[in-house]
Amino acid sequence: MASTDTAATVKKDDLAGLEAGLDALDAVEIRRTPVREVLLKKVLPPTIAVALVLAVWQILVSAKITEETKLPAPSAVWDGLVDMWLQGTLLEVVWTSVSRGLAGFLLALAIGTPLGLLVARVKFVRAAIGPILSGLQSLPSVAWVPPAVLWFGLNDAMMFTVILLGAVPSIANGLVSGVDQVPPLFLRAGRTMGATGLKGTWHVVLPAALPGYLAGLKQGWAFSWRSLMAAEIIASSPDLGLGLGQLLENGRNNIDLPGVFLAILLILVVGIAIDLLIFSPLERWVLRSRGLLVK
Amino acid sequence: MATTFAKAAEGTVAEQTHAARIEHVSKSFSGPAGTQLVLDDVSLDVAPGEFVTILGASGCGKSTLLNLVAGLDRPTQGSIETPGGRPALMFQEHALFPWLTAGKNIELALRLRGVAKSERRPEAERLLELVRLGGAYGKRVHELSGGMRQRVALARALAQDSQLLLMDEPFAALDAITRDVLHGELTRIWEETNLSVLFVTHNVREAVRLAQRVVLLSSRPGRVAKEWTVGIEQPRRIEDADVAELSLEITEHLRGEIRRHGQH
């Protein structure tokens, strides 16, 4: 009896050792990219591209290939920027638009999220408004400016209406496609653990749909920003304060080409900056924590 | 025609005669090609603490049967009772949630079972210890190897504290060495707990290596074709001569079942 006991113990210990060895051999090593490599591979190429564009621009102007009235010199645009900075209006103008855009986006988030969940989870709602929701995405939001002006007049409510009509469909559709892509296996695993109904939505469906939802948010922000600019360009009024869209429109009215270029560049830079500072890190963090980030 | 998860009243638990009772269960699916009978009058009892494997070729409806016992689907006819509550289910894929760490995956199962917040972490650590993954609490799913993922999945299934564990070819996607080790682990954990296991596989040796009883299902429709009681003492190894001998006998029957389909 004693001998079989020892045999069994040896076999068991053997198993533990074997398992530890297998785990060590199979361990997946996660390596963070060093800063130098990030600089070299992610920062350097776009910097070179921007420098090239600026160089070509300067050459076009210096060599007088285009007229100064059609294409202002980069230095003229830069001077405009410095002037605005010295007058203290630069940050004010940018903030007027950014604060409006972000507030509108948050509002769109608050409406688009439950709407998307409803469309994704309730068959009747999906059949009823699903196609309309995805169709709305292809409607340029500038089309909403005239009715919004007629409904609300020239005020912030009109701006927010245009942003919402542009961004809510993107956010809702992002969530719907995120939910649709949840692997059925996760739902089955959740159900066997008792995650059904609201519990299943909260613990399984929503976290599983997060990557698709974030992609929708990114697009939602882009739509918010575009809609806002359209609204600001078309509907300018002293009551609304000076935003980037009005800056652009003022440049046109004053036939100030450097001012127009400056406004366009600022709109572009702000749109990219918000994406780079908020949405991209969020998306990367979610994907990396799930092992989904492909280098 | 019902699946009953009813937890037996306190006091009667000790007198339970079965962990699962499958009585005259039939299941048919209707599709564009008409109604297809997948399971035909299957009856099977799993005793408390018993390890049963269901063996069959593809199309025998073994996964369908497991889904019925798990309550993911309803039988067309017959009844299924699991007096120990909702059974835990392990899949061929680990089905762990990638947005949670290994430990939090287990804690989610505990939370859904109603375990108090303060008790979840120590219990999750204990279960990870049980599957010999003591250091893996904070690891993300993608940082674990295939074998480690299945062990975390086993720990999560155990966290449901069900008396019945259903396993749907849980080791089929693993390499042979890892599978062999996990057979040993499963046997050890089954012996340490008083768990009943209903294990589905198409691997005859695996069935004999693990089970006290092997049930062979015929294919299209699935019926209980034959049963074997495995008297070989644990710990067994898949290479053992008596495991091989019984496997050979069962394989002959399995092949006979498969051959019948070529004769039509």
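**Exercise 1. Two cis bonds in chain B**

In which loop of chain B does Pro235(B) lie? Place it, then look at the peptide bonds around the prolines of this predicted model.

*Solution.* Start with the location: Pro235(B) sits in the loop that runs between E10 and helix H7 (241–262) of chain B. Now check the bond leading into this proline. Gln234(B) and Pro235(B) are joined by a cis peptide bond, with omega about 0°. Next, move to Pro221(B), which is found in the loop between E9 and E10 of chain B. The bond from Arg220(B) to Pro221(B) is cis as well, and its omega is near -5°. For background, most peptide bonds are trans.

**Exercise 2. The hairpin around Arg220(B)**

Work out how E9(B) and E10(B) pair, and how many residues lie between them.

*Solution.* Step one is the pairing: five bridges link E9(B) and E10(B), in the antiparallel sense. One of the pairs to click on is Val214(B), whose bridge partner in E10(B) is Trp228(B). Step two is the connection. The two strands make a hairpin with six residues between them. Step three is the backbone of the turn, where Arg220(B) has a positive phi of about 40°. As a rule, residues other than glycine mostly have a negative phi.

**Exercise 3. Walk across the sheet of chain B**

Give the strand order of the six-stranded sheet, then find which strands stand at the edges.

*Solution.* Read the order off first: E6-E7-E8-E4-E9-E10 (chain B), an open sheet with mixed pairing. The strands at the edges are E6 (88–90) and E10 (224–229) of chain B; each has a single partner strand, so one side of each is left without a neighbour in the sheet. On average, neighbouring strands are turned by 15° against each other, direction ignored.

Now go inside the order. Strand E4 (residues 51–55) and strand E9 (residues 213–217) of chain B run parallel and are joined by four bridges. Across that pairing, Ile54(B) stands opposite Val215(B) in E9(B). Finally, add a helix: H1 (residues 62–70) of chain B packs on the sheet and touches E4, E6, E7 (164–168), E8 (196–201) and E9 of chain B. The direction of H1(B) makes about 150° with that of E7(B).

**Exercise 4. How do the domains of chain B touch?**

Find the two domains, the separation of their centres, and the residues in contact.

*Solution.* The domain assignment gives domain 1 (17–87 + 164–264) and domain 2 (96–161) of chain B. Their centres, taken over C-alpha atoms, are 26 Å apart. At the contact, 10 residues of domain 1 of chain B meet seven residues of domain 2 of chain B. On the domain 1 side, helix H5 (residues 176–192) of chain B gives the most, with five residues. By class, that side has eight nonpolar, one polar and one charged residues.

**Exercise 5. Two helices against H11(A)**

Decide how H9(A) and H10(A) are oriented relative to H11(A).

*Solution.* Take H9 first. The axes of helix H9 (residues 197–234) and helix H11 (residues 257–289) of chain A come within 10 Å and cross at roughly 170°. That makes H9(A) roughly antiparallel to H11(A). The contact residues divide into 14 nonpolar, one polar and three charged. Among them are Trp221(A) and Trp225(A) from H9(A), and Phe279(A) and Leu282(A) from H11(A).

Now repeat for helix H10 (residues 244–253) of chain A. Its axis and that of H11(A) are 8 Å apart, at an angle of about 160°. H10(A) and H11(A) are therefore roughly antiparallel too, and the crossing is left-handed. The contact includes Leu247(A) and Leu248(A) in H10(A), with Ala263(A) and Ile264(A) among the residues in H11(A). By class, nine residues of this contact are nonpolar, two polar and one charged.

**Exercise 6. The side of chain A that touches chain B**

How many residues does each chain bring to the contact, and which element of chain A gives the largest share?

*Solution.* Chain A brings 29 residues and chain B brings 30 residues. In chain A, the elements giving two or more residues are helix H1 (2–26), helix H8 (184–192) and H9. The largest share, 10 residues, comes from H1(A). Sorting the chain A side by class gives 15 nonpolar, five polar and nine charged residues.

Conventions: Residues numbered from 1 in each chain as written. Chains lettered and ligands numbered in written order. Predicted model: local features only at pLDDT ≥ 70, side-chain atom pairs only at ≥ 80, totals over all residues. Axes fitted to C-alpha atoms, helices over the stretch in contact; angles between N-to-C directions. Parallel < 35°, antiparallel > 145°, perpendicular 65-115°, else oblique. Nonpolar A, V, L, I, M, F, W, Y, C, P; charged D, E, K, R; others polar. Domains from an automatic or database assignment. Pairing = 2+ DSSP bridges. Left-handed = near helix turned anticlockwise from the far one by under 90°.
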